[in-house]
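Subject: Structure for you to look at, with notes

Dear colleague,

I am handing over the structure we spoke about, together with my notes on it. Please read them with the model open beside you.

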Amino acid sequence: MPLPAQTNPLLDFSGLPRFDDIRPEHVAPAIRSLLTEYGALIDKLTADATPLNWDEFVAPMFETGERLNRAWGIVGHLHGVLDVPPWREAYNAMLPEVAGFFAELGQNIALFRKYKALAASPEYTALSPVRRRIIDREIRDFRLSGAELPEETKPRFKAIQEELSGLAAKFSENLLDATNAYAEWITDEAGLAGIPPSARAAARAAAERDGKPGWKFTLQHPSWLPVMQYADDRALRARMYRANATRASEFTDADTGNGDGKAKWDNGPLIGRILALRSEEAALLGYQNYAEVSLVPKMADSPAQAIAFLRELGEKAKPFAERDLAELKTFAREELGLDPLEPWDVAWASEKLRMSRYAYSEEEVKQYFPEPRVLDGLFAVIRRLYGVEIAPDSAPGWHENVRFFRIEKNNELIGQFYLDLYARDTKRGGAWMDSARSRSQNLDGLTTPVAWLMCNFPGPVDGKPATFSHDDVLTLFHETGHGLHHLLTRADELAVSGINGVEWDAVELPSQFMENFCWEWDVLSMMTAHVDTGEPLPRVLYNKMIAARNFQSGMQMARQIELALFDLLLHSDTAASGDIPIEHVLAILDDVRREVAVLFPPVWHRFPHSFSHIFAGGYAAGYYSYKWAEVLSADAFAAFEEAAEEGKQADGVHSLLDPATGERFWREILAVGSSRPAIDSFTAFRGRAPSVDALLRHSGMTDARSWK
């Protein structure tokens with residue numbers, strides 16, 4: 001029996017989510033109640049007598065929609081961080097209804113006409129520029145949602161949206177299930193040669209949790225990566241490489257040893273269906289391909305512009321990538337006796353080369369980044385840049401490891417966030433930030449924003465705090481940058497506050513910007529302490545890290561360009577019709593690799609099957625945004641470098657944590673949300689258009705010229 005609304009915690013919007021009370025059985029009655037409420041409001045607002053003004057027409061739409069978004073956001077969040085059968089079933093049961101509702105909403109011609117009528121009325125001209133921008137974006141989004149389609153076509157468009165939502169969820173579930181299905185069990189300690197003690201301890205703890213002897217290694221990133229980087233057992237590396245490379249693909253148990261029934265998680269057919277539906281959607285809307293649809297609300301003017309940007313960057317990166325690979329192959333052949341260098345040798349040989357060239361290892365650095373010290377340092381950076389305080393707070397969480405914090409300035413609450421750092425088998429992979437609640441101002445007062453920051457780092461082992469690699473620290477700063485974009489907003493309108501409505505190819509600017517501080521001595525010196533001795537990071541080790549900062553940066557940039565170009569060309573493709581054969585997808589990827597890549601995986605590698613960014617994560621025809629925004633973020637950070645140089649003291653000491661520049665970055669970038677175009681925000685902060693120079697300089701590629 002459905003629970004009455006007054007006892008359903010998903011319908012309680014008076015405060016923070018009640019994770020200690022929310023259960024899967026609450027989902028259907030709560031979401032259906034909110035869908036009914038929203039539908040009734042739409043019926044009321046589309047009546048002929050509805051006033052064409054902001055307070056009685058637009059504001060109620062956003063406020064009611066936010067209630068649904070908050071409740072459904074909690075459900076989606078729990079599906080991602082607590083992916084057990086009851087939550088998976090509750091989420092999937094309501095997904096078609098939610099997707100169908102929003103598809104119908106986007107096609108509601110009466111509502112669309114009301115917005116257009118408002119835009120043509122005297123009321124519109126009297127509104128603030130921000131509110132006019134919101135109305136204009138709503139009209140744009142109605143068009144992209146099929147509002148102007150013929151009535152006989154709208155049911156098909158709606159069906160496409162519903163099916164795509166279900167396919168995206170299934171893609172993620174297949175990937176998680178396939179990841180969890182594989183394990184390498186080692187019972188002879190000799191098989192652990194080369195693997196660092198921290199990774200061994202984590203593998204031993206994993207085996208103990210399963211009640212088995214020995215060591216358990218999985219495809220979860222904190223377990224898989226140390227094997228690929230450090231394990232001397234080449235056969236072990238080869239097995240785990242293949243298992244990871246063929247996750248959620250057509251390959252069977254006999255091919256990969258990846259557990260009974262792996263083929264049932266094959267994402268290949270889903271990829272073909274997703275691409276076909278996106279292509280059909282684009283055609284219905286009058287576009288040549290899905291890439292054109294995707295780029296309408298983005299900074300890039302067209303797929304051709306974004307592709308040209310990637311190819312120009314690729315031309316610059318490829319010579320450096322070829323040099324990196326040649327050095328690695330020579331080292332592997334002459335020093336390690338590896339010829340040919342196989343794909344499962346690359347990470348291992350690279351770590352050996354790094355150690356040989358710079359006399360340090362990632363594992364050595366990791367010991368200086370215990371979690372408490374890292375968090376203290378991160379919060380100190382934020383405090384010095386923006387003059388805010390971050391303090392522990394209390395709220396129910398979805399797991400015992402979840403923590404909660406508040407951000408204040410002058411004792412005034414600005415926002416709050418949840419932090420969930422450790423990997424576990426019920427949590428989807430990767431790292432992400434999302435909105436739990438957006439900032440808004442209405443007659444009831446100010447609602448402050450709330451976010452969740454999610455990572456998949458190794459947790460504490462043997463009574464010691466978790467230790468993070470420098471890459472983990474970069475990831476934490478990256479996701480915190482997203483969080484600050486959402487939490488430090490000063491925009492009061494829901495539609496433009498925080499990350500809401502920010503162009504997809506600009507939303508990575510604040511996150512990638514934050515990563516730069518992880519390379520600065522005055523930052524690292526205050527956020528490191530050896531996990532055993534408490535000693536700070538030695539300056540000599542820091543100098544080695546800086547010397548190695550651009551180690552294989554050419555290969556890394558070539559890889560990112562490969563993924564971004566594959567995504568854009570895949571979604572620009574119009575050669576195939578119907579469900580796209582996976583062979584066609586792989587052929588496009590092969591073509592891209594021949595153009596920009598230097599590393600070529602085996603023919604059985606199935607990378608697209610785990611490329612959840614574009615098939616389940618919202619980055620379709622948008623993965624290029626990482627590089628696009630990296631240009632913006634590097635150039636923005638250059639403003640702090642310039643301020644530090646200007647403020648350098650007589651003894652040469654300087655700090656990049658300049659409060660004046662930080663306040664300007666907050667005011668012009670973080671605070672405004674999407675209340676103006678992202679390029680205008682960047683120009684307001686930098687005083688000019690963006691330049692690629694800083695990115696190429698930071699990457700060790702100094703033959704820079706202005707970005708056009």
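Below I go through the cores, the helix packing, two buried residues and some backbone details.

Please keep in mind throughout that this is a predicted model.

**Nonpolar cores**

The largest nonpolar core holds 136 residues, and within it Y386, F517 and F665 are the residues that touch the most other members. Helix α25, covering residues 625–646, supplies the largest share of this core, with eleven residues. Taking F665 as an example, and setting aside residues up to four places away in sequence, its contacts are Y386, L509, P510, F513, A636, F640, L670 and F685. There is also a second core, separate from this one, which has 60 residues and includes Y38, A90, Y91 and V496.

**Packing of α1, α2 and α3**

Helix α2 (residues 54–81) packs against helix α3 (residues 85–106) at an angle of about 150°, and their axes are 10 Å apart. Because angles over 145 degrees count as roughly antiparallel, α2 is roughly antiparallel to α3. The two helices cross in a left-handed sense. On the α2 side the contact is formed by M61, L68, N69, W72, V75, G76, L78 and H79, and these meet W87, R88, Y91, M94, L95, V98, F101, F102 and L105 of α3. Sorted by class, the residues in this contact between α2 and α3 are 13 nonpolar, three polar and one charged.

Helix α3 also packs with helix α1 (residues 27–45), the axes coming within 10 Å and crossing at roughly 10°. With such an angle, α1 is roughly parallel to α3. From α1 the participants are V27, A28, I31, R32, L35, Y38, G39 and I42, while α3 contributes W87, A90, M94, E97, V98, F101, F102 and L105. By class, the contact of α1 with α3 comprises 13 nonpolar residues, one polar residue and two charged residues.

**Packing of α9 and α10**

Helix α9 (residues 221–230) and helix α10 (residues 234–245) have axes that come within 9 Å and cross at roughly 135°, and the two are therefore oblique to each other. Their crossing is left-handed. In this pair W224, V227 and M228 of α9 meet L236, R237, M240, Y241 and N244 of α10, which by class gives six nonpolar residues, one polar and one charged.

**Two buried residues with contacts far along the chain**

V81 belongs to helix α2, and with a relative accessibility of 0% it counts as buried. Its C-alpha atom is separated by 4.2 Å from that of K427, although the two residues are 346 residues apart along the chain. Apart from neighbours within four places in sequence, V81 is in contact with W398, R424, T426, K427, W432 and M454.

N456, in strand β9 (residues 450–457), has a relative accessibility of 10% and so counts as buried, the cut-off being under 20%. Leaving out residues up to four places away in sequence, N456 touches P222, L421, Y422, A423, R424, K427, R428, G429, G430 and W432. Of these contacts, P222 is 234 residues away from N456 in sequence, with a C-alpha to C-alpha distance of 7.4 Å.

**Backbone details**

Three places in the backbone may be worth a look as you go through the loops. The peptide bond joining D339 and P340 is cis, with omega at about 10°, and P340 is placed in the loop between α14 (303–335) and α15 (346–358).

A359, a residue other than glycine, has a positive phi, near 60°. A359 is found in the loop between α15 and α16 (362–366), where its relative accessibility of 41% makes it partly exposed.

Q552 likewise has a positive phi, about 60°, although it is not a glycine. Q552 is in the loop between α21 (539–547) and α22 (553–572), and with a relative accessible area of 11% it is buried.

With best regards

Methods. Residues are numbered from 1 along each chain as its sequence is written. This is a predicted model: local features need pLDDT of at least 70, side-chain atom pairs count only at pLDDT 80 or more; totals for chains, interfaces and linings use all residues. Side-chain values use heavy atoms; hydrogens and water are left out. A nonpolar core is a set of buried Ala, Val, Leu, Ile, Met, Phe, Trp, Tyr and Cys residues joined through side-chain atoms within 4.5 Å. Buried means under 20% relative accessible area, exposed over 50%, partly exposed in between (1.4 Å probe, protein chains only). Helices (H or I, at least four residues) and strands (E, at least two) are DSSP runs, numbered from the N terminus. Contact means heavy atoms within 4.5 Å. Axes are lines fitted to C-alpha atoms, for helices over the stretch in contact, and angles run from 0 to 180 degrees between N-to-C directions. Angles under 35 degrees count as roughly parallel, over 145 as roughly antiparallel, 65 to 115 as roughly perpendicular and the rest as oblique. A crossing is left-handed if the near helix is turned anticlockwise from the far one by less than a right angle, and right-handed if clockwise. Ala, Val, Leu, Ile, Met, Phe, Trp, Tyr, Cys and Pro count as nonpolar, Asp, Glu, Lys and Arg as charged, and the others, Gly among them, as polar.
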